[in-house]
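Work through the exercises below with the sequence and the coordinates open. Each task is followed by a solution in steps.

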Amino acid sequence: MAEKVLVSASMGVMNSLLGKLATLMGGKYAKLKDVQKQAAFLHEELSSMGALLEDLADMEGLDNQTKQWRNKVREMSYDIEDCLDDFMRRVGGSNNGKGLLRRLKKLRARHQLANQIQELKTRVQEASARRVRYKLDDCKSRPGNVAVDPRITALYMESSRLVGINGPKEEVINLLTKQVDDVPVQELRVVSIVGFGGLGKTTLANEVYGKLGESFACKAFVSVSQRPDMMVLLKSLVTQILGPGVDTCELNGLIDILRKYLQDKRYLVVVDDLWDASTWEIIKCAFPEGCYGSKVLTTTRIERVAGTCCKFQQEFVYRMKPLDDHNSRQLFCSRVFGLENTCPHPFEEPSDKILQKCGGLPLAIISIASLLASQSNRSVSLWNSVLNSLRSDLRSNPTLEGMRHILNLSYTHLPHHLKTCLLYIGMYPEDHDIEKNHLVMQWVAEGFVCGIDGRDALEIAGSYFNELVNRSMIIQLVEHRAWNMERVYHKVHDMVLDLIVSKSAEENFLGAVENIETISTRQHCKARRLSLQLDEAELVKIAPCMRLPHVRSLFIFGFPRRSIELLELKFLRVLFVCKVDGLDLTSIGRLFQLRYLNVKSYHRSSMQLPRQICGLHHLETLVIDGQLSHLPHDIVHLPALSYLKVSVCIAYPDGISKMKSLHTLDCFDPSKQSVDNLRALGELLNLSKLDMCITDHSFPTKETHKDALFYSIEKLLNGNLRHLTIFAVDHTLTGYYEEWNSLCLSDCRLEQLHLQFPFPRFPMWVGQLSTLINLEIHVEELCMDDIAVLAGLPALAHLVLWACYVPDEGIVFSSSVAFRALDYFESRRANLAFHFQAGAVPKIETLRFQLGVHEVKTCGIRLAGIEHLTNLKRVAIGLGYSGNRSEESVVPMIEAAIKSFFDEHHPGRPAIHITSYLYDD
């Protein structure tokens, strides 16, 4: 990236610090001549050091002396910035104090700063002297030991030893050879295998190559690597296809030779381990696009590269999946015991835990199994010891060298800004679900991401997150549930988390404390980011003696204390407390650098916020998942607050129209607000996301409140609002059908609308939402014309429909009014009939609906035209049954019948997920 971020793992806070020193040298502080003189010296010295840090960040294999200097300079940058932040706060605070007292306070602050800067100046001078003495400007990275690429062994693995390969092999061969939609199979076809390092992409590609290669006269298998030598790579292609003897020294010459030779040939080429789309753009020039049935198979870890190879035809991208439990166990046991899927009873428990840690990653399973198999003394205690020490072994044990090599490749290929963002995930414990929105807000709060060229910092941070998903460093998962919408969530593989923790320790970037013993080992390291992942008993022991004035991010999982007051969190930017049983937060008013606060309680227990909070000038995110008795009366004056989510059933102080920086307002309860605040809601013109929950049953009777609410809804819909969710207890908004239909939407650009209460009929104003992408709506009675209105929404891609009464023929998706963009459809009402006409929903990929055992037994599966859904990939079904034992007993049979129905009626055989559940009679 071209922009310089304020904070990074490689540079510390050097860029942020240089900016603050420049501010201190500016006109605002012109009267502080002595301070400005010292600041100018620091700025000049640190600018030079920052440039060297930037150079060192691109070098690998630095010697220990250089690493030590780099680490000390980074830590020094944090200390200097803390000093400046404290000074600027004390000198630049409010002017509501008495004049003499104010001047004395400034003089005291200046005197303290002068002493501190003198100490820091000495440290800077010492660092500069060491730089000259060690000749660090002449530093070059050391050539490390060249590791054997673990992909080499994959090329020579005997097929008989491979586990779980047959299914994926047949799927990839099918993509290469079978006709897909209207794409002629005789044209050059490119298929790309994409997935995280260690999943077995090379092994799979080699198996496909071996199976199909016999029918191709011209074939080649080349590996690319991160920094490919294109001449060597293309010469390898030429040698494998034409044989030795071709002599040319130019890249274009090699491409021309290959194109000319292959012009009228049928060929098969595997291009393994692509890292960059630009590399593919060069390689593909060697492949003429004739009509002879030629095939090219590529492998990559990066989703974007896979799409580029296949010209963004997603049907030709094969996404590698981890091994399932059965195949993982079979692979593990065959390597350790030499027996397929057989593990002696005493070793079952530790082997289960080891396999859980491996997460279906074949290379991880093989690496750890090889480590265990190499031990001469096989015992349960030894296995448990290996399990507990896997993190440190990943760095030091030669048997795990292949795994370490694969992981390091993925990490070192990341640009610096993504490395920093990835390392921060080490703040989360193993197997913790990662909420994308909150992680990117934490990145921004720490200064890892800045806005640039008019783009918001959160928008850029979101693109960074997506890039880490595309590079398979973060895993996106989908949970299929019976009644609720599918849940999309994110995790990192345990092995990736081990890498993150290892790299973070090397860089002193963060400290993750999982047991009391590691506290003492980290005391000498002033970790600026600390994650306490201890059980309650251990936290009780350490909490009274913890002093953390240097910490910038603090994550606590299971905090036993009722107050954070004792922690001395002076320079804290991010505070995330999870699984707390009530917490007194009245001391947060002193955390003048706080930008992100998120507290999640057990069972929504009570929390206490201070009466005044206006000192938190930098606070951007405030999330309190617990019961609050009140909100601070001055919360409306927080200048930077952009994301606010507190418990429902709470009244906001008057004056919310002043919260101009607010972008997201979640769990807002209109039934608890004053009329003035409901009307003021419409003044929040920067609001892009609004989530309302109406809890008061008497709200429909309050006419003035209702009028004020609809005034604001209309104004926001015609403003910047993009996401609107409204939930009403006991359907308290049902009677407002006319008010909804009277909305005037002249300039509405809404993208997501979730109306979680029933309308008697379909509201016609929804048909005006031309930018709507995601819609959830509940209607008592659905007519055929309503489906036509929905089909007329040009951008609608995600539709969740709850209809109580539908026409006798069911819900018909007609070819005369096709849904142009719809790729997800869900029906929340059980046992409805659906009819899909040809071409009605050409892009649908996911279908979710409800069935009942009794209705399936009596009426069958009323789903006509399923064969017309040519892009269908997933079907999720909630299967309900009553407490009647006869119904429960036939659930397996009904599930089998449903799967058989799709096997019989849909040629693409989409993945079927069935969740059975007990419903009340």
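Angles under 35 degrees count as roughly parallel, over 145 as roughly antiparallel, 65 to 115 as roughly perpendicular and the rest as oblique. This is a predicted model, in which local features need pLDDT of at least 70, side-chain atom pairs count only at pLDDT 80 or more, and totals for chains, interfaces and linings use all residues. Residues are numbered from 1 along each chain as its sequence is written, and side-chain values use heavy atoms, with hydrogens and water left out.

**Exercise 1. Classify the crossing of helix 18 and helix 20, and list the residues that meet.**

Step 1. Helices (H or I, at least four residues) and strands (E, at least two) are DSSP runs, numbered from the N terminus. Axes are lines fitted to C-alpha atoms, for helices over the stretch in contact, and angles run from 0 to 180 degrees between N-to-C directions.

Step 2. Helix 18 spans residues 416-424 and helix 20 residues 457-470; their axes come within 10 Å and cross at roughly 85°. The two helices are therefore roughly perpendicular to each other.

Step 3. Contact means heavy atoms within 4.5 Å. On the helix 18 side are His417, Leu418, Cys421 and Leu422, which meet Tyr464, Glu467 and Leu468 of helix 20. By class, this contact has five nonpolar residues, one polar and one charged (Ala, Val, Leu, Ile, Met, Phe, Trp, Tyr, Cys and Pro count as nonpolar, Asp, Glu, Lys and Arg as charged, and the others, Gly among them, as polar).

**Exercise 2. Find the edge strands of the open sheet 24-26-28.**

Step 1. Two strands pair if DSSP finds at least two bridges between them. The order 24-26-28 describes an open sheet of three strands with parallel pairing.

Step 2. Strand 24 (811-813) and strand 28 (863-864) each have a single partner strand, so they stand at the edges and one side of each lacks a neighbour in the sheet.

Step 3. Strand 24 pairs with strand 26 (residues 834-836) in the parallel sense over three bridges. Val812 stands opposite His835 of strand 26.

**Exercise 3. Which residues have pLDDT under 50?**

Step 1. pLDDT is the predictor's confidence in each residue, from 0 to 100. The chain mean is 84, and 87% of the residues reach 70 or more.

Step 2. Over residues 93-98 pLDDT stays under 50, and the model has four contacts beyond four places in sequence for this stretch. Where pLDDT is low, the predicted coordinates should not be read in detail.
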